[in-house]
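Student: I should like to learn how to read a structure that is new to me. Could you guide me through its features one at a time?

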Amino acid sequence: MRGTLGGTCLNVGCIPSKALLQSSHHYHDAKEHFADHGIVISDIKMDIDKMQEAKAKTVSGLTGGIEHLLKKHKVDYFKGKVNAS
């Protein structure tokens, strides 16, 4: 059972993928385009662990936001699994 609110897209699909993609775009821009604007960075490298931390922070911020809204509007929810076969 998943421990956070939200569906597949928020927890393991679209949102985490887009967070990693955004980090990749930042790396690419720094490596390929910053020099065109007079920003010179030598020895640029990726820190995959830091990218994963940023992704996790994005996901936890959004899932925490869902939980906050449910509490704010006094919505009760239940954690569990359903077998609808």
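Student: How much surface does the protein chain expose, and what share of it do carbon and sulfur atoms supply?

Tutor: This is a predicted model, and every value in our discussion is computed from it. The protein chain exposes about 7,000 Å². Carbon and sulfur atoms supply 57% of that surface. Buried residues make up 13% of the 85 residues in the protein chain.

Student: Which helices and strands does the protein chain have, and in what pattern?

Tutor: There are three helices and zero strands, and along the sequence the pattern reads α-α-α. The radius of gyration is 18 Å, well over the 12 Å that the globule rule gives for 85 residues, so the protein chain is more spread out than a compact globule. Along its principal axes, the C-alpha trace spans about 55 × 30 × 20 Å.

Student: What share of the contacts joins residues at least 24 apart in sequence?

Tutor: One begins with contacts between residues at least 6 apart in sequence. Of these, 64% join residues at least 24 apart.

Student: How does the reach of helix α2 compare with the span expected at 1.5 Å a residue?

Tutor: Helix α2 covers residues 14-32, which is 19 residues. From its first C-alpha to its last it reaches 26 Å, close to the expected 27 Å.

Student: Which residues of α2 are buried, and where do they lie around the axis?

Tutor: A residue counts as buried when its relative accessible area is under 20%. In α2 the buried residues are P16, A19, S23 and A30. These residues cover an arc of only 65° around the axis, which puts them on the same side of α2. Their cover includes α1 (8-11) and α3 (48-72).

Student: What do the end C-alpha atoms of α3 show when the helix is read in the same manner?

Tutor: The 25 residues of α3 should span 36 Å at 1.5 Å a residue, and the end C-alpha atoms are 36 Å apart, which agrees. The buried residues of α3 are M51, V59 and T63. What covers them includes α1 and α2.

Student: Let us take one of these residues. With which residues is T63 in contact, leaving aside its neighbours within four places in sequence?

Tutor: T63 is found in helix α3 and counts as buried, at 7% relative accessibility. With those neighbours left aside, T63 is in contact with T4, L5, L10 and N11. T63 and L10 are 53 residues apart along the chain, yet their C-alpha atoms are separated by 7.6 Å.

Student: How should one read a salt bridge, and how many are counted here?

Tutor: The general idea is that side chains of opposite charge can pair when their charged atoms come close. The count in this model comes to two salt bridges.

Student: Which side chains meet in these salt bridges, and where do they lie?

Tutor: In one, the side chains of K50 and E53 meet at 3.7 Å, N to O. Both residues lie in helix α3, three residues apart, about one turn of the helix. K50 counts as exposed, at 51% relative accessibility, whereas E53 counts as partly exposed, at 49%.

Tutor: In the other, the side chains of K71 and E67 meet, also at 3.7 Å, N to O. This pair likewise lies in helix α3, four residues apart, about one turn of the helix. K71 counts as exposed, at 57% relative accessibility, while E67 is partly exposed, with a relative accessible area of 28%.

Student: My last topic is the backbone. Which sign of phi do most residues other than glycine have?

Tutor: Most residues other than glycine have a negative phi. A positive value in such a residue therefore merits a second look against that background.

Student: Where are D43 and K74 found, and are they buried or exposed?

Tutor: D43 has a phi near 55°, a positive value in a residue other than glycine. D43 is found in the loop between α2 and α3 and is exposed, with a relative accessible area of 66%. K74 also has a positive phi, near 55°. K74 is found in the segment after α3 and is exposed, with a relative accessible area of 74%.

Terms used. Residues are numbered from 1 along each chain as its sequence is written. This is a predicted model: local features need pLDDT of at least 70, side-chain atom pairs count only at pLDDT 80 or more; totals for chains, interfaces and linings use all residues. Side-chain values use heavy atoms; hydrogens and water are left out. Helices (H or I, at least four residues) and strands (E, at least two) are DSSP runs, numbered from the N terminus. The expected span of a helix is 1.5 Å times one less than its number of residues. Buried means under 20% relative accessible area, exposed over 50%, partly exposed in between (1.4 Å probe, protein chains only). The arc is that of the directions from the helix axis to the C-beta atoms. Contact means heavy atoms within 4.5 Å. A salt bridge is a side-chain nitrogen of Lys or Arg within 4 Å of a carboxyl oxygen of Asp or Glu. The radius of gyration is taken over C-alpha atoms; the globule rule is 2.2 Å times the number of residues to the power 0.38. Accessible areas come from the Shrake-Rupley method with a 1.4 Å probe; for residues, only the protein chains shown count as cover.
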